[in-house]
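Biologist: I am new to this structure and would like to learn how to read its features one at a time. Could you take me through it, giving the general idea before each case?

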Amino acid sequence: SFANQAILIKGGGWHLVGEGTNSTTLLSQGAWTMQNGAVWRGFLIAILPPITNDYPVSIENLTLDGGVQVGNTTRHGFPASPVDGMGWDMTHDAIDERGATGPVFTHWTWTNLLFTHWRGEIVKSNGQATNGNLTMVNCTFRDGNASALNIYDSQVVTNCVFDNLFMLCEYYMAYSTNTSYFVNNLITNVSGNAMSFNGANGRNPPYIIQNNQFYNVAGNGFATTPGDNIVLTTNQFY
């Protein structure tokens, strides 16, 4: 692994369950150190494939806190500055899915989670696994200095809130194998672009963006470089 992590997971069939976002918190390291000439804070949860026991996985009813007082700052350049630790810290993530060496979980679900106070991509992929299917229901991503979602599993994202972020998502389309749905979500106070799509190859399954509300996006609502089979319907933009 290329950065420190609190929880390293190599297999499936587990369920991490708290008593609610106001009652159970996993607190990451907000303070930064210098390692190999770079700023390191570390990952809270890292998934290291190839995983064993590919049974369903769930995380529910808790807060994943990055440990900094302010996540979304006025400085978003990366890597983070070795002088003061400010900027986009690519080592500071709640969940890091490393699919370069094999498959990740075929099915996992996140329910009623609060992700807050992060300087890097809040959840991200570092690999090319194509088997993942991730469902997010009633989750909140708040106060992030980078993207909230930079994870490449096929997705179902519904009834979630994205608030006070630099970016909502960057989605690399080449690795998804099933239709994705981004439905009934609230997006507000985004200081950069909202949704960015890239990696399309002309054979990608649809990504359906439906019935969402977008407020106060300072940059582009959508960017494609390129995108493929993206369907936008019945969304509202303010």
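Biologist: Let me begin with a proline: in which strand is Pro-50 found?

Modeller: Please keep in mind throughout that this is a predicted model. A residue is placed by finding the stretch of secondary structure that holds its number, and Pro-50 is found in strand 6, which covers residues 43-52. The peptide bond that leads into this proline, from Pro-49 to Pro-50, is cis, with omega near 0°.

Biologist: Which other peptide bond is cis, the one that ends at Pro-226?

Modeller: That is the bond from Thr-225 to Pro-226, with omega near -5°. Pro-226 belongs to a loop, the one between strand 20 (222-224) and strand 21 (230-233). Asn-229 is found in the loop between strand 20 and strand 21 as well.

Biologist: What does Asn-229 touch, once its neighbours within four places in sequence are left aside?

Modeller: Setting such neighbours aside brings out the contacts made with other parts of the chain, and for Asn-229 these are Asn-204, Pro-205, Pro-206 and Tyr-207. A separation in sequence can also be set beside one in space: Asn-229 and Ile-208 are 21 residues apart in sequence, and their C-alpha atoms are 8.3 Å apart. With a relative accessible area of 41%, Asn-229 is partly exposed.

Biologist: How many helices and strands does the chain have?

Modeller: There are zero helices and 22 strands. To judge the overall form, one compares the radius of gyration with a rule for globules: here the radius is 17 Å, close to the 18 Å that the rule gives for 238 residues, so the chain is as compact as a globular protein of that length. The C-alpha trace spans about 45 × 40 × 35 Å along its principal axes, and buried residues make up 53% of the 238 residues. Among contacts with a separation of 6 or more, 76% are between residues 24 or more positions apart.

Biologist: Which residues have the most contacts inside the largest nonpolar core?

Modeller: They are Trp-110, Phe-115, Phe-141 and Phe-162, in a core of 45 residues. Phe-141 can serve as the example: beyond its neighbours within four places in sequence, Phe-141 is in contact with ten residues' worth of names that I shall sample, including Phe-115, Ile-122, Met-136, Leu-149 and Phe-162.

Biologist: Is Thr-140 buried or exposed?

Modeller: The reading depends on a cut-off, since a residue counts as buried when its relative accessible area is under 20%. Thr-140 has a value of 17%, and therefore is buried. Thr-140 is found in strand 12, residues 140-150, and, not counting residues up to four places away in sequence, touches Leu-113, Leu-114, Phe-115 and Val-161.

Biologist: Where does Thr-130 lie, and what does Thr-130 touch?

Modeller: Thr-130 is in the loop between strand 10 (123-125) and strand 11 (133-137). Leaving out residues up to four places away in sequence, Thr-130 touches Tyr-175 and Thr-177. Its relative accessibility is 36%, so Thr-130 counts as partly exposed. Measured by the model's C-alpha positions, one may add that Thr-130 and Thr-24 are 32 Å apart in space and 106 residues apart in sequence.

Biologist: Which residue other than glycine has a phi near 55°?

Modeller: One looks for a positive phi in a residue that is not a glycine, and Asn-36 is such a case, with phi near 55°. Asn-36 sits in the loop between strand 4 (33-35) and strand 5 (38-40), and is exposed, with a relative accessible area of 76%. Asn-138 also has a positive phi, of about 55°; this residue lies in the loop between strand 11 and strand 12 and is partly exposed at 40%.

Biologist: How many cavities of 30 Å³ or more are found in the whole structure?

Modeller: The search finds one, and about 60 Å³ of space lies in the largest cavity. A lining is read by listing its residues and then sorting them by class; among those here are Glu-97, Val-104, Gln-128, Tyr-152 and Asp-153. By class, the lining has three nonpolar, five polar and two charged residues.

How values were computed. Residues numbered from 1 in each chain as written. Predicted model: local features only at pLDDT ≥ 70, side-chain atom pairs only at ≥ 80, totals over all residues. Heavy atoms only, no water. Core = buried A, V, L, I, M, F, W, Y, C linked by side-chain atoms within 4.5 Å. Buried < 20%, exposed > 50% of the residue type's maximum accessible area, 1.4 Å probe, protein only. Contact = heavy atoms within 4.5 Å. 1 Å grid on protein atoms, 1.4 Å probe; cavity = no way out; pocket = protein on both sides within 12 Å on 5 of 7 lines; lining within 4 Å. Points joined across faces, edges and corners; volume = space filled by probe spheres on them. Nonpolar A, V, L, I, M, F, W, Y, C, P; charged D, E, K, R; others polar. Helix = DSSP H or I, 4+ residues; strand = E, 2+ residues; numbered from the N terminus. Rg over C-alpha atoms; globule rule 2.2 N^0.38 Å.
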